[in-house]
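Good morning, and thank you for coming. I would like to take you through a structure that is new to most of this group, beginning with a single residue and then moving outwards.

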Amino acid sequence: MKRVLIDCDPGIDDALALALAAGSPDALDVVGVTTVGGNVDLELTTANALALREFLQLGDVPVTPGSAGALMRGTVRAAHVHGVTGLGDVVLPAPVREPSKGHAVDFILDTLRAAPGEITLVAVGPLTNVALAVRRDPRVVEWARDLVIMGGSYTRGNHNPAAEFNMLADPEAAAIVFDAGWTVKMLGLDVTLSAVVTSDVLDRMRPLGRLSELLVPGAQSYGMVTAEGGPAIHDACAVAYVLDPSLFTCVPAVVNVETAGTYTRGMTVTDFKVGDRQANALVATTLDVKRFWDLVVGAYERLAARLG
């Protein structure tokens, strides 16, 4: 059983990542969900996380809101991708329960401090909360069992030609996180863009009862699904990595985040020629797509059986 704390900005692919975690109760113990402003504003990402907690029957898992915006510069959002609510065409029942009191940064620090070396921090949104935790108490690097992120790229961007969205949304935070002294497990666009929902995958989701009300419209909300390809469920890759790292090929690298470039702000400048330097990241370069979908759909099937 691996214990995880998921920092997220739901977001369609965040929702599908949370569903993967919820469908893996024998392998993952979700100790908390923290939210950050990212794909949409914090009020919406938190409301979506609360609705997902109830829809996915995650029980008493705390949902704690965090940072509304970036550390230094203006807001970057992706409502044009994820829709005005953040969940595209997905409609979930309004949550009944409120978020936990306090701030995500305090929750991250308190939770990891209480169980040093036991909990993996999985960050699939802008890294603002994680950076603030590092600033507040650098020992969080030692307390975390691991840090796994969805973000960055060594070849391309998606929000612009150079930068992946989560990095561009708060480059200063990302720079703090990569410089903090841990080895960041970076699942970037280079692999997540291969985790696409094809018509075959969608057909495997359709029979999954109540869960299909999330999966099917979610998978189709930001792209056309065809036999050859479709939208990528980026954030699920980070949860999949925790479940089975062997799905990915990862290479040690030195990653620096560009914070000043006119055209390259948010770029993860990745150097695989580490030499005598200390690598600060393991960067995923390939994904076994078939095994990935077998793992993901298998978890969804187990979750669907519980949800009815």
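**A residue to start from**

Please look at Ser-221, which, apart from neighbours within four places in sequence, is in contact with Ile-12, Leu-87, Gly-88, Asp-89 and Val-90. I should say at once that this is a predicted model. Ser-221 sits in the loop between helix H11, residues 212-220, and helix H12. In sequence, Ser-221 and Gly-83 are 138 residues apart, yet their C-alpha atoms are 8.3 Å apart in space.

Let us follow the chain to either side of that loop. On one side is H11, where Ser-212, Leu-214, Leu-215, Val-216, Gly-218 and Ala-219 are buried. The cover over the buried residues of H11 includes H1, helix H2 (42-55), helix H10 (199-205) and H13. On the other side is H12, residues 236-243. How many of the eight residues of H12 are buried? Eight of the eight are, so H12 is largely enclosed by the rest of the structure. Those buried residues are Ala-236, Cys-237, Ala-238, Val-239, Ala-240, Tyr-241, Val-242 and Leu-243.

**The chain as a whole**

I now step back to the overall picture. The chain holds 13 helices and nine strands. For 308 residues, a compact globule would have a radius of gyration near 19 Å, and the 18 Å of this chain agrees with that. Along the principal axes, the C-alpha atoms fill a box of roughly 50 × 45 × 35 Å. Of the 308 residues, 59% count as buried. The accessible surface comes to about 11,900 Å², and carbon and sulfur atoms contribute 53% of it. Among contacts with a separation of 6 or more, 83% are between residues 24 or more positions apart.

**The sheet**

The strands form an open sheet of nine, in the order E3-E2-E1-E4-E5-E6-E9-E7-E8, and the pairing is mixed. Which strands stand at the edges? They are E3 (63-65) and E8 (268-271); each has a single partner strand, so one side of each is left without a neighbour in the sheet. On average, and ignoring direction, neighbouring strands here are turned by 30° against each other.

Two pairs deserve a closer look, and a general point helps with both. Strands of a sheet pair through backbone hydrogen bonds, either parallel or antiparallel.

The parallel example is E1 (residues 2-8) with E2 (residues 28-35), joined by seven bridges. Lys-2 has Leu-28 of E2 as its bridge partner, and Cys-8 has Thr-35 of E2. E2 is mostly covered, with seven of its eight residues buried.

The antiparallel example is E7 (residues 248-257) with E8, joined by four bridges. Here Val-255 stands opposite Thr-270 in E8. In a regular strand, side chains alternate between the two faces of the sheet. E8 shows such an alternation: Thr-268 and Thr-270 point to one face and are buried, while Val-269 and Asp-271 point to the other and are not.

**Helices against the sheet and against each other**

Helix H4, residues 104-114, lies across E1, E2, E3 and strand E4 (119-123), and runs at about 155° to E2. One residue of H4 is Leu-112. Is Leu-112 buried or exposed? Its relative accessibility is 0%, and therefore Leu-112 counts as buried. Beyond residues up to four places away in sequence, Leu-112 touches Ile-119, Val-140, Trp-143 and Ala-144. The C-alpha atoms of Leu-112 and Glu-142, which are 30 residues apart along the chain, are separated by 9.2 Å.

My last example is a pair of helices already mentioned as cover for H11. H1 (residues 12-22) and H13 (residues 289-307) pack at an angle of about 70°, with their axes 8 Å apart. The two helices are therefore roughly perpendicular to each other. From H1, the contact is made by Leu-16, Ala-19, Leu-20 and Ala-22; from H13, by Leu-295, Val-296, Ala-299, Tyr-300, Leu-303 and Arg-306.

To close, I would ask you to keep three parts of this predicted model in mind. They are the open sheet of nine strands, the enclosed helix H12, and the packing of H1 with H13. Thank you for your attention.

Methods: Residues are numbered from 1 along each chain as its sequence is written. This is a predicted model: local features need pLDDT of at least 70, side-chain atom pairs count only at pLDDT 80 or more; totals for chains, interfaces and linings use all residues. Side-chain values use heavy atoms; hydrogens and water are left out. Two strands pair if DSSP finds at least two bridges between them. Axes are lines fitted to C-alpha atoms, for helices over the stretch in contact, and angles run from 0 to 180 degrees between N-to-C directions. Contact means heavy atoms within 4.5 Å. Buried means under 20% relative accessible area, exposed over 50%, partly exposed in between (1.4 Å probe, protein chains only). The radius of gyration is taken over C-alpha atoms; the globule rule is 2.2 Å times the number of residues to the power 0.38. Accessible areas come from the Shrake-Rupley method with a 1.4 Å probe; for residues, only the protein chains shown count as cover. Angles under 35 degrees count as roughly parallel, over 145 as roughly antiparallel, 65 to 115 as roughly perpendicular and the rest as oblique.
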